[in-house]
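Me: I am new to this structure. Please take a close look at one chain, the one whose domains are described, and then at what it touches.

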Amino acid sequence: MMEQWLESTPSWSNIALFFGLGALLLAVVLAFVTYGILAERKVMGFMQGRIGPNQVGGRFGLLQTVADVLKLLLKEDTIPKAADRPLYVLAPIIAFTPSFMVLAVLPFTDSFRFADIGVGLLYYIAVSGLTTIGVVAGGWASNNKYALLGGMRAAAQMISYEIPLVMSALGVVLLAGSMNLVDIVAAQKDVWFIFAQPLAFLIFLIAAVAELNRTPFDLPEAESELVAGFHVEYSGFRWAFFMLAEYVYLFAMAALVTILFLGGWHPVAFLGWIPGAVWFALKFCAVVFVLIWFRATFPRVRADQLMEFAWKVLLPLSLVNIVLTAVVKAWFF
Amino acid sequence: MMLRTEEMILNVGPQHPSTHGVFRLILKIDGEIIQEATPVIGYLHRGTEKIAEGLQYTQIIPYTDRMDYLSAMTNNYVLCHAVETMMGIEVPERAEYLRVLAMELGRIASHLVWWGTYLLDLGATSPFLYAFREREMIINLLNELSGARLTFNYMRIGGVKWDAPDGWIDKVKQFVPYMREKLHGYHELVTGNEIFRQRVTGVGRYTKEEAISYSLSGVNLRSTGVKWDLRKDEPYSIYDRFDFDVPVRDGGDCLARYECRMAEIEQSLRIIEQACEQFPPEGPIMGKVPRIIKAPPGETFVRIEAPRGEIGCYIASDGKKEPYRLKFRRPSFYNLQILPKLLKGQNLANVIAILGSIDIVLGEVDG
């Protein structure tokens, strides 16, 4: 569907359509972020014996996040005197833009997707790596020691965990024989890759949590040590952009896990009559729930242990996984 | 080519989420490794000891509430105990039982706050809320007893201010099995967690000799293998009537201190259980105390086991209604002395783990 439009002759209606669809995706993502944050607060509240938001927007706090964002919009835009001004202003944008760019390649159902490119997985990983630059730049430009330490940790962590992330995804690529995310989902018609690649799934999930800077790998913004880490000097909407990037990545990563390992829009055995979009949403929500569950349960790992874990445990394991997958595929298929 | 590197001074506190109050730490760091740590204290200094010189003995009691505000009952007790020792006042049995119950409940509440905030420091958010849920029940119990939630001002020289309300003992009895069950849950959630164990095992280690030479007390001492608990070794009040153990660990690291405190909660529950069983159904709650309390000339020093270590009270009296000089040995202050030594050469993330494991209360450090 998208390809036909892209290849059709340019016209005003085409351009309007592209912008319209882009805006639609942005709206969907923002709605997710709004209610993802609410869900996180509600689920964590439930796990911690609290109620969670229950005042703004009815007894389920449905407008709580909206109110929070409005508050952030109204806040004074402060920039520290000693900050590197251009970089300071630019950093949240650098951090946020890639998070939205990666959404283009994610196929949500077999017909609803924005760009069906051959190296979808590679594109995702390459573009998402750009966010690190925004985080480091923000930490550096703030001219604050806590922010600097947070930015350094973020850079070290994101670079280290990108490697096991890619390596574990390679197992999936080997089995599917393609880097195209649609083909990867299509290859899971009979067996989801979570069953064919359990080790890769675990490594991918752990590395994904680290990429998302979420507990137990939330070192860059470790509140109890670094106060708030790289965004300690940011306030108002610039800060909101960092948080937005984080939650859009949560959206993107949960979708990617669904696509790579949970069979995307493929239904469970007898329940084929339920549309693929619903299946995708269900699996996606399950992944998000697990990530929230992690946050409510685990303490934080230490910086040096984090590095050791990536290089000494996850990387060798993912290499073993690639070799095993290759051997199995070469001999048995 | 060698890169030019610089040491950086990092100022932690006095406003920092993990310094548990207004504690300031100046760290000289090389990357994330600490070269030197200089603690700065005194932001919460209120001159309790000097103020006390102008107050009558009973009037000092509310000031003691504000030293270690997480376990105000033990502070109340140490002052009353010192004056009672000087004046030779007999405390009625029922009052002693009420005091012990209040102190042990306070000890559990104090350790719960420690447990929750320590895990918050280590990045786990849920334990804090669980701990405070249970602590809230204790606070409610103590509130029923004394009319206050934190600064109880409950004990008096010669007894206690209020008798237990009807049914209070039963509520305490019901609390014990509830707390045991929750404690089991805490161990399930946290103690066996691999990430947690990696964060605390072998971190902030010191030896028995170092602990003694730095005058550490309480859990900070017992975690190195020294079995020293004043409730057992120099029994005061009616602690000799109860059957309980003194938890000791050999590790001397953060894990040992964690385990000691968790085990102490269990032991306190045992004491509470026995105290509820033995609780005299009737009797006075105040002993025979002269209308005007005047300690005889001379001096005395008493010490008891507070949740954070040995709290001592020294009183020098010249026979007036007010003390001539009053000094508290505040365990947090002494326990904090070892911090610069422990922090040297450590990773920045360990600062929080080590500082938290010492368990300080700034109201007590600064006096």
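Reply: What follows goes through chain A by its domains, one of its helices and its contact with chain B, and ends with a pair of helices in chain B.

The model is predicted. Chain A is divided into two parts: domain 1 takes in 1-53, and domain 2 takes in 79-332. Between the C-alpha centres of these two domains of chain A the distance is 18 Å. Where the domains touch, domain 1 of chain A gives 15 residues and domain 2 of chain A gives 16 residues. On the domain 1 side, the elements that supply two or more residues are helix H1 (2-7) and helix H2 (12-47) of chain A. H2(A) has the largest share of that side, with 11 residues. By class, the domain 1 side of this contact holds 11 nonpolar, 2 polar and 2 charged residues.

Within chain A, helix H5 covers residues 120-128. Which of its residues are buried? They are Gly120(A), Leu121(A), Tyr124(A) and Ser128(A). These residues lie on the same side of H5(A), because the arc they cover around the axis is only 105 degrees. A general point about helices fits here: an α-helix has 3.6 residues a turn, so residues three or four places apart point the same way. As for their partners, the buried residues of H5(A) pack against five helices of chain A, namely H4 (85-101), H6 (130-141), H7 (145-176), H8 (181-186) and H12 (236-261).

H7 of chain A also appears in the contact with chain B. That contact takes 24 residues from chain A and 26 residues from chain B. On the side of chain A that touches chain B, at least two residues each come from H7, helix H11 (223-226), helix H13 (276-297) and helix H14 (303-332) of chain A. The residues on this side of chain A are 10 nonpolar, 6 polar and 8 charged.

Chain B has a helix pair of its own to look at. How do the axes of helix H3 (residues 72-87) and helix H4 (residues 93-121) of chain B cross? They come within 7 Å of each other and cross at roughly 140 degrees. H3(B) is therefore oblique to H4(B). From H3(B), the residues that meet H4(B) are Ala72(B), Met73(B), Thr74(B) and Tyr77(B). Their counterparts in H4(B) are Arg99(B), Ala102(B), Met103(B) and Gly106(B). The contact of H3(B) with H4(B) has 5 nonpolar, 2 polar and 1 charged residues.

Note on methods: Residues numbered from 1 in each chain as written. Chains lettered and ligands numbered in written order. Predicted model: local features only at pLDDT ≥ 70, side-chain atom pairs only at ≥ 80, totals over all residues. Buried ≥ 20, exposed ≤ 12 C-beta atoms within 10 Å, placed from the backbone. Helix = DSSP H or I, 4+ residues; strand = E, 2+ residues; numbered from the N terminus. Arc of directions from axis to C-beta. Contact = placed C-beta atoms within 7 Å. Nonpolar A, V, L, I, M, F, W, Y, C, P; charged D, E, K, R; others polar. Axes fitted to C-alpha atoms, helices over the stretch in contact; angles between N-to-C directions. Parallel < 35°, antiparallel > 145°, perpendicular 65-115°, else oblique. Domains from an automatic or database assignment.
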